[in-house]
Amino acid sequence: MDKVSLFADLLAANRDVLEEILGLAQKIKASPASYDSAMKGKLLYALYQKTSTRTHLSFARAVADLGGHYVWQNWESSNFTIGDFEHEARYVSTTADVVMARLVSNRDVQRLCANATIPVINGCCNKYHPMQGLADALTMIELVGAWRDIRCGYVGGLNNVANSLMACLPRLRP
């Protein structure tokens with residue numbers, strides 16, 4: 001499994017990986033003080049091509065709670081708009097420890113993953129919203145308990161959240 005692009009769309013995540021991620025999330029929620037230095041000395045670079053109050057604040061708060069540093073930049077003020085995309089992705093990898101990118105196009109998320117050497121989190125794009133999919137899966141576990149007891153239906157348009165749920169939820173079924 002490619003650790004750079006695991007969170008691009010969740011398609012590479014098997015059941016064991018998803019259960020590990022969701023189990024860790026439950027542990028962090030249950031005992032946040034035990035993880036208050038988990039990101040000590042680490043930098044998350046957040047790149048926003050799409051606006052979002054919730055994504056911005058939730059990532060900033062999570063990184064701070066884990067003892068890390070959060071630096072965000074608007075797409076328009078980055079060199080991604082004027083320079084070589086691949087070069088910028090490689091440069092970011094030399095400075096940050098992880099990238100969270102909220103980009104318009106899944107194509108750009110994939111380009112970022114292909115050229116970065118650090119983990120890339122897709123904060124939302126036109127095709128996937130993996131963090132929302134994981135958050136929804138965690139909520140289901142907290143409300144119901146075991147995956148064997150969960151049956152899920154989705155009402156709404158086929159969108160980035162639906163795509164992420166379809167990438168994640170079937171892999172969690174026993």
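The exercises below, each with a worked solution, treat helix packing and pockets in a predicted model.

**Exercise 1.** Determine how helix α6 and helix α7 pack, and which residues bring them together.

*Solution.* Two packed helices are described by the angle between their axes and the distance between the axes. Begin, then, with the geometry: α6, which covers residues 130–144, and α7, which covers residues 160–172, pack at an angle of about 50°, and their axes lie 8 Å apart. Angles of 65 to 115 degrees would count as roughly perpendicular and angles under 35 degrees as roughly parallel, and the two helices are therefore oblique to each other. The next step is the hand of the crossing, and here α6 passes α7 in a right-handed manner. On the α6 side the contact involves P130, Q132, G133, L134, D136, A137 and M140, which meet V161, S164, L165, C168, L169 and L172 of α7. Sorted by class, the residues of this contact comprise 9 nonpolar, 3 polar and 1 charged.

**Exercise 2.** Carry out the analysis for α4 and α5, giving the angle at which their axes cross and the class make-up of the contact.

*Solution.* Helix α4 (residues 85–95) and helix α5 (residues 106–115) have axes that come within 8 Å and cross at roughly 55°. These helices are therefore oblique to each other, and their crossing is right-handed. The contact draws on F85, E86, A89 and R90 from α4, together with D108, R111, L112 and N115 from α5. By class, the contact of α4 with α5 contains 3 nonpolar residues, 1 polar residue and 4 charged residues.

**Exercise 3.** Decide whether α2 and α7 are oblique or roughly perpendicular to each other, and identify the residues in contact.

*Solution.* The axes of α2 and α7 come within 9 Å and cross at roughly 100°. Since angles of 65 to 115 degrees count as roughly perpendicular, α2 and α7 are therefore assigned to that class. The residues that make the contact are R15, L18, E19 and L22 in α2, and C168, R171 and L172 in α7. Their division is into 4 nonpolar, no polar and 3 charged residues.

**Exercise 4.** Describe the largest pocket and the second largest pocket by volume and by lining.

*Solution.* Take the largest pocket to start with, which holds about 1,700 Å³ of space. Its lining is made up of 38 residues, of which I21, I28, A62, L66 and M131 are the closest to the centre. Two or more lining residues come from each of α1 (6–9), α2 (15–30), α3 (53–65), β4 (120–124) and α6. The lining of the largest pocket has 25 nonpolar, 5 polar and 8 charged residues.

Turning to the second largest pocket, the space amounts to about 200 Å³. Its lining consists of W147, I150, R151, C152, Y154, A162, L165, M166, L169, P170 and R173. By class, this second lining has 9 nonpolar residues, no polar residues and 2 charged residues. Two of the residues named here, L165 and L169, also appear on the α7 side of the contact with α6.

Note on methods. Residues numbered from 1 in each chain as written. Predicted model: local features only at pLDDT ≥ 70, side-chain atom pairs only at ≥ 80, totals over all residues. Heavy atoms only, no water. Axes fitted to C-alpha atoms, helices over the stretch in contact; angles between N-to-C directions. Helix = DSSP H or I, 4+ residues; strand = E, 2+ residues; numbered from the N terminus. Parallel < 35°, antiparallel > 145°, perpendicular 65-115°, else oblique. Left-handed = near helix turned anticlockwise from the far one by under 90°. Contact = heavy atoms within 4.5 Å. Nonpolar A, V, L, I, M, F, W, Y, C, P; charged D, E, K, R; others polar. 1 Å grid on protein atoms, 1.4 Å probe; cavity = no way out; pocket = protein on both sides within 12 Å on 5 of 7 lines; lining within 4 Å. Points joined across faces, edges and corners; volume = space filled by probe spheres on them.
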